[in-house]
Each structure stands twice: as C-alpha cells, then as structure tokens.
Amino acid sequence: MHRPLAITDDQELLDDLLRVAAAAGVELDVAHAAAQARPYWSGAPLVIVGDDLADALAATGPPPRQNVLLVTRAVADPSMWRRCVAVGARAVVELPQAERLLVDELGEAVEPATRAGMVVCVSSGRGGAGATVLAASLALTASRRGLRTLLVDADPLGGGIDVVLGQEEAAGARWPDIAGREGRVSFAALQEALPTFGELTVLSWHRGEPAAIPRQAMRAVLDAARRGCDLVVVDLPRHLDDGEAEALSRAATTLLVVRSDVRGVLAAGQVLAQLRRHTADLRVVPRPGALAPDVVAASLGIPGTGVLPEQRGLAEALDRGAPPPLGRTPLGRFCSALLETLTEAA
C-alpha cells in the first residue's frame with residue numbers, strides 16, 4: 001500500500017510532519033529533494049510539499065494530480081499562494097495552527113471513509129426503565145442483519161453493557177484502556193482492540209473505579225466508528241458529563257425510554273431538559289403502563305416510536321449470562337421495526 005509523501009529538506013518542518021503523522025497513525029515516505037519525489041508522486045494517496053522545496057518541485061514540472069497540500073511554518077506569507085498554485089496544491093496548511101486539519105487529512109488519505117455510520121443514543125427517563133437492554137438489543141439486531149455496528153457503553157455506573165450481552169469475560173479493551181485517547185484513530189485499530197462478535201464491536205466499562213469519559217476520547221471513538229460502521233448505538237446515563245454531551249451532539253436520533261406512569265413521565269421530563277441542550281431529534285419509547293403511549297408522548301412534547309414490549313423470561317436470560325432473546329420474540333420484532341424506521345429516516 002502506498003504511503004503519503006512528504007517533500008521537504010527542512011528538518012524542523014519534517015520533525016513537525018513526522019509528529020503529526022504519528023498522531024494520525026500514519027507512516028510517511030520522505031523526499032529530501034524535488035527530484036527524489038518523482039517515483040512516489042503519482043502513487044502517494046496524499047502529497048505534502050514543504051515550502052522550502054515548492055519552487056524546486058514546480059521547476060521539475062510534475063504531472064497534475066489531486067490531493068496535494070503545501071505546508072509551511074510561516075504565518076500569513078502571501079508568497080505561499082503563488083507556490084501553492086505552482087505545485088498544484090489545493091490548500092496551504094500553516095503549522096502549528098492547522099495540525100488537527102493535517103491529522104485528519106493524513107488519516108483520511110490512508111483510511112478513507114467506507115461507511116457513514118448513524119449515531120443513535122439511548123437514554124432512560126428513570127432508573128430501571130430498560131434503556132440499556134434496548135441499546136444492546138438494537139445493536140445486536142443490526143449486527144445480525146449484517147450491519148457493522150459499534151455498541152458504546154457511556155454509563156460508568158451501569159455495571160458494563162458487556163454483561164447484558166453475556167460477554168463480560170470477552171478479551172479486549174474497555175473504556176479505561178482508551179479513555180486517554182484523543183485525535184484520530186482508525187476504526188480497524190479500534191475494532192482490533194475491542195471485543196468483537198461478528199459484525200458487532202463493543203466498548204464497555206470494566207467493574208472497577210468509575211470515571212468520566214473525556215470529550216476528546218468520545219470524539220475519537222465516534223469519528224472512527226462513523227467512518228467504519230453502519231450504526232453506532234450509545235447507551236447514556238441519566239447524568240451527562242462532557243463525553244456524553246459529545247455523543248449527543250453527534251446523534252441522528254436519541255431514544256428516551258420512559259415508564260408509562262406519572263412518576264416515570266415526570267422524571268423523564270427532567271432528563272429530557274438535559275438532552276435538549278445537546279441534541280434535536282428526540283423520540284420517546286414508552287413502556288407498557290397506566291398511561292397510554294400518546295399521553296406519554298404528548299406530555300413530553302416529543303414523538304413516539306412504538307411501545308417497548310414486555311419480554312417474558314428476559315430477566316432470567318440475563319441472569320444466566322445469555323443475551324436478550326430476540327428473533328421472533330416481541331423484543332426482537334420491536335427492534336427490527338425500530339431499526340427499519342431509523343434507517344429509513346437517515
């Protein structure tokens with residue numbers, strides 16, 4: 001596989017480029033003279049031309065190509081745009097201000113987005129409403145239909161969503177192992193590190209000391225997942241920190257599971273006020289109860305998306321270490337219908 005090409009003989013600039021490439025998880029080919037670049041010019045997925053060799057490169061008359069950037073450590077130097085045009089670059093990247101942009105450009109060059117993963121957040125209006133079971137069941141249903149799916153456990157006090165799947169002993173990283181991650185990460189690397197079962201990859205919590213999820217770590221995980229997945233399901237706690245707010249800001253839809261009684265709706269209204277600060281598309285998933293589904297939806301002022309059915313034997317299955325019973329069960333049919341609704345709306 002061809003690697004991005006850096007063309008520069010400026011050691012300080014090259015040090016910057018190598019550091020940025022390392023942050024993107026990318027290795028570079030390096031040409032220290034314009035003439036050395038010719039064998040790599042056409043095959044490299046991205047060419048980064050240092051301002052020190054731009055004029056020399058233009059003098060060699062390289063064939064036109066896409067995905068060329070001119071990189072400089074100078075700020076607001078008008079001569080850079082002349083050099084940009086001369087080498088056929090599409091932009092001037094000023095370091096260190098635009099390091100994050102260059103990280104993304106390098107990552108996209110070697111791992112272009114193959115999917116456009118939809119993010120769905122699931123929250124609970126009150127403890128025990130069933131949001132975690134719904135999140136796990138929806139992710140399982142999607143993966144069994146051949147959709148590459150990431151299930152993210154964003155509740156450090158939930159005991160680990162891998163337990164709901166009956167996979168608490170599965171080898172692989174949990175949140176504490178990657179919570180310090182920021183910047184770009186490839187989905188292939190993420191999938192390799194995390195427990196994966198067929199098309200389902202799971203990022204869960206361990207059973208140790210709880211901690212908040214940093215915003216940068218959640219952003220890195222979701223960016224990778226959106227490039228490599230069809231669906232990302234995030235199980236949220238009722239109390240939101242920065243990491244959970246980041247997930248909500250990226251959600252196409254957020255499902256709020258609500259107990260259909262007066263206390264359940266009142267509690268859900270308080271959770272809903274938090275969710276509305278970070279996301280727009282909110283839908284209620286009522287549980288069977290004393291209040292009719294349309295009354296629950298009207299009370300909260302958001303549309304409903306079907307009633308989450310009671311599933312006989314669910315608690316017993318989870319206690320045995322089995323995943324939620326799906327297939328032709330009421331829960332399975334509900335998740336299948338919900339998945340179709342979500343994908344049609346995307």
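Begin by selecting Arg148, which at 22% relative accessibility counts as partly exposed. The model on display is a predicted one. Now add Glu199, whose side chain meets that of Arg148 in a salt bridge with an N to O distance of 3.9 Å. Arg148 sits in the loop between helix H6 (131-144) and strand S7 (149-153), and Glu199 in the loop between strand S8 (196-197) and strand S9 (200-203), so the pair ties together parts that are 51 residues apart in sequence. Glu199 is likewise partly exposed, at 31% relative accessibility.

**Further salt bridges**

Side chains of opposite charge can pair when their charged atoms come close. A search of the whole structure finds 22 salt bridges. One of them joins the side chains of Glu12 and Arg73, at 3.0 Å from N to O. Glu12 belongs to helix H1 (residues 11-23) and Arg73 to the loop between S4 and H4, so this pair ties together parts lying 61 residues apart in sequence. Colour Arg73 by accessibility, and the value is 42%, which counts as partly exposed.

Select Arg287 and Glu310 next; their closest N and O atoms are 3.1 Å apart, forming a salt bridge. This pair links distant parts of the chain, 23 residues apart, with Arg287 in the loop between S12 and H13 and Glu310 in the loop between H13 and helix H14 (314-319). How do the two partners stand in terms of burial? Arg287 counts as buried at 17% relative accessibility, whereas Glu310 is partly exposed at 48%.

To see a network of salt bridges, select Arg215, Arg219, Asp223, Asp242, Glu246 and Arg250, which are linked in this way.

**Helix H13**

Move to helix H13 (residues 293-300), and show Val296, Ala297 and Leu300, which are buried. Viewed down the axis of H13, the buried residues fall within an arc of 95°, so they line one face of the helix. On the face turned away from that buried side are the exposed residues Asp294, Ala298 and Ser299. The cover over the buried residues of H13 includes strand S11 (253-258), helix H12 (262-275) and strand S12 (282-286). Just past H13 comes Gly301, with a positive phi near 75°.

**The nonpolar cores**

Keep Leu300 selected and add Leu150, Trp175, Val232 and Val234: of the 43 residues in the largest nonpolar core, these five touch the most other members. Helix H10 (residues 215-228) gives the most to this core, with seven residues. Separate from it is a second core of 33 residues, which includes Leu134, Ala136, Leu200 and Leu331.

Centre the view on Val232. Leaving aside neighbours within four places in sequence, Val232 is in contact with Met118, Val119, Val120, Leu150, Val152, Leu222 and Ala225.

**A buried acid in strand S10**

Next select Asp235, in strand S10 (residues 231-235). Which side chain of opposite charge is nearest to Asp235? That side chain is Arg238, 10 Å away, and Asp235 is buried yet has no salt bridge. The Asp235 side chain does make a polar contact of 2.8 Å with the side chain of Thr132. Beyond neighbours within four places in sequence, the contacts of Asp235 are Val122, Ala131, Thr132, Ala135, Val152, Asp153, Ala154, Asp155 and Ile161.

**Backbone exceptions**

The last stops concern the backbone. Most residues other than glycine have a negative phi, and most peptide bonds are trans.

Select Asn67, in the loop between helix H3 (54-59) and strand S4 (68-72). Asn67 is not a glycine, although its phi is positive at about 65°. The relative accessible area of Asn67 is 26%, so this residue is partly exposed.

Continue to Ala76, in the loop between S4 and helix H4 (79-87). Here too phi is positive, at about 55°, although Ala76 is not a glycine. Is Ala76 buried or exposed? With a relative accessible area of 60%, Ala76 is exposed.

Finish at the peptide bond from Leu95 to Pro96, which is cis, with omega near 10°. Pro96 is found in the loop between strand S5 (91-94) and helix H5 (99-110).

Methods. Residues numbered from 1 in each chain as written. Predicted model: local features only at pLDDT ≥ 70, side-chain atom pairs only at ≥ 80, totals over all residues. Heavy atoms only, no water. Core = buried A, V, L, I, M, F, W, Y, C linked by side-chain atoms within 4.5 Å. Buried < 20%, exposed > 50% of the residue type's maximum accessible area, 1.4 Å probe, protein only. Helix = DSSP H or I, 4+ residues; strand = E, 2+ residues; numbered from the N terminus. Contact = heavy atoms within 4.5 Å. Lys, Arg positive; Asp, Glu negative; His and termini not counted. Salt bridge = Lys/Arg side-chain N within 4 Å of Asp/Glu carboxyl O. Polar contact = N/O pair within 3.5 Å; in protein donor to acceptor, adjacent residues only side chain to side chain. Arc of directions from axis to C-beta.
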